[in-house]
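Biologist: Got a minute to walk me through this one? I'd like the overall picture, then the odd spots.

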Amino acid sequence: MQNPAFRYLCTYRADLNEPQQMIGKAHFGRRMIAVLTGGVVEGERLRGRIVPGGGDWATIDDNETLRLDARVTMETHDGALIFVSYRGVLRPMSKVREYSVRGGPANDAERAQVYFRTTPIFETGDERYAWLNNIVAVGLGDSIGGAVRYNVFEVL
């Protein structure tokens, strides 16, 4: 069996409008909509900003698991636009809320108590970043109070 290998792609922080819109419980769970107000992207191969206006159309189930459904636009430092969509899982919400209020997990032990993983898909027409259209990536997240932060890795 071959074990996966990863290459660091970037870290990005997406700032969220507070409070999020709580739609209520429906057939997919409790719907929560978070509007993105901006953010930053940092990395050797990808850096720039998060364009305001994206969002996350998440649901929270009865087991306190949040399922992400996010869409974000990144603008690179050299003017390319990159659309990023991702699904993911964030649990347990009780720990997420506890740590988020104080700016996120304080250490690796607290970080280990929260499962926050995403699968970003990149789309761009800019030839300089076309390689992003053809990679698989994973993100490890933190909820940091008014924002989320992801360390994103290319799966090799």
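Modeller: Sure, one term up front: buried means under 20% relative accessible area, exposed over 50%, and partly exposed in between, using a 1.4 Å probe and protein chains only. This is a predicted model, where local features need pLDDT of at least 70, side-chain atom pairs count only at pLDDT 80 or more, and totals for chains, interfaces and linings use all residues. Residues are numbered from 1 along each chain as its sequence is written, and side-chain values use heavy atoms, with hydrogens and water left out.

Biologist: OK, so is Glu127 buried or exposed?

Modeller: Glu127 is exposed, with a relative accessible area of 68%. You'll find Glu127 in the loop between β8 and β9; helices (H or I, at least four residues) and strands (E, at least two) are DSSP runs, numbered from the N terminus. C-alpha to C-alpha, Glu127 sits 9.1 Å from Ala80, and the two are 47 residues apart in sequence.

Biologist: Zooming out, how many helices and strands are there?

Modeller: The protein has 2 helices and 10 strands. Along the sequence the pattern goes β-β-β-β-β-β-β-α-α-β-β-β.

Biologist: And what's the radius of gyration?

Modeller: It's 16 Å for the protein, which agrees with the value near 15 Å for a compact globule of 156 residues. That radius is taken over C-alpha atoms, and the globule rule is 2.2 Å times the number of residues to the power 0.38. Of the 156 residues, 45% are buried.

Biologist: Let's switch to α1. Which of its residues are buried?

Modeller: Met93, Val96, Tyr99 and Ser100 are buried in α1. They're on the same side of α1, because they cover an arc of only 130° around the axis. The arc is that of the directions from the helix axis to the C-beta atoms.

Biologist: What do those buried residues pack against?

Modeller: The buried residues of α1 pack against β5, β6, β7, α2 (108-111) and β9, where contact means heavy atoms within 4.5 Å.

Biologist: Any pockets? What's the volume of the largest pocket?

Modeller: The largest pocket comes out at about 420 Å³. On a 1 Å grid over the protein atoms alone, a pocket is an open set of points with protein on both sides within 12 Å along at least five of seven lines, where a 1.4 Å probe fits; lining residues have an atom within 4 Å of a point. Points are joined across faces, edges and corners, and a volume is the space filled by probe spheres set on the points.

Biologist: Which residues are closest to the centre of the largest pocket?

Modeller: Leu16, Gln20, Met32, Met93 and Ser143 are the closest, out of 26 that line the largest pocket. α1 gives the most to that lining, with 4 residues.

Biologist: Now the odd spots. Where's the cis peptide bond?

Modeller: The bond from Arg91 to Pro92 is cis, with omega near -15°. Pro92 lies in the loop between β7 and α1.

Biologist: And which residue has a positive phi although it is not a glycine?

Modeller: That's Glu64, with a phi of about 65°. Glu64 lies in the loop between β5 and β6 and is partly exposed, with a relative accessible area of 22%. Most residues other than glycine have a negative phi, and most peptide bonds are trans.

Biologist: What about just after α1?

Modeller: Gly103 takes a positive phi there, about 95°.
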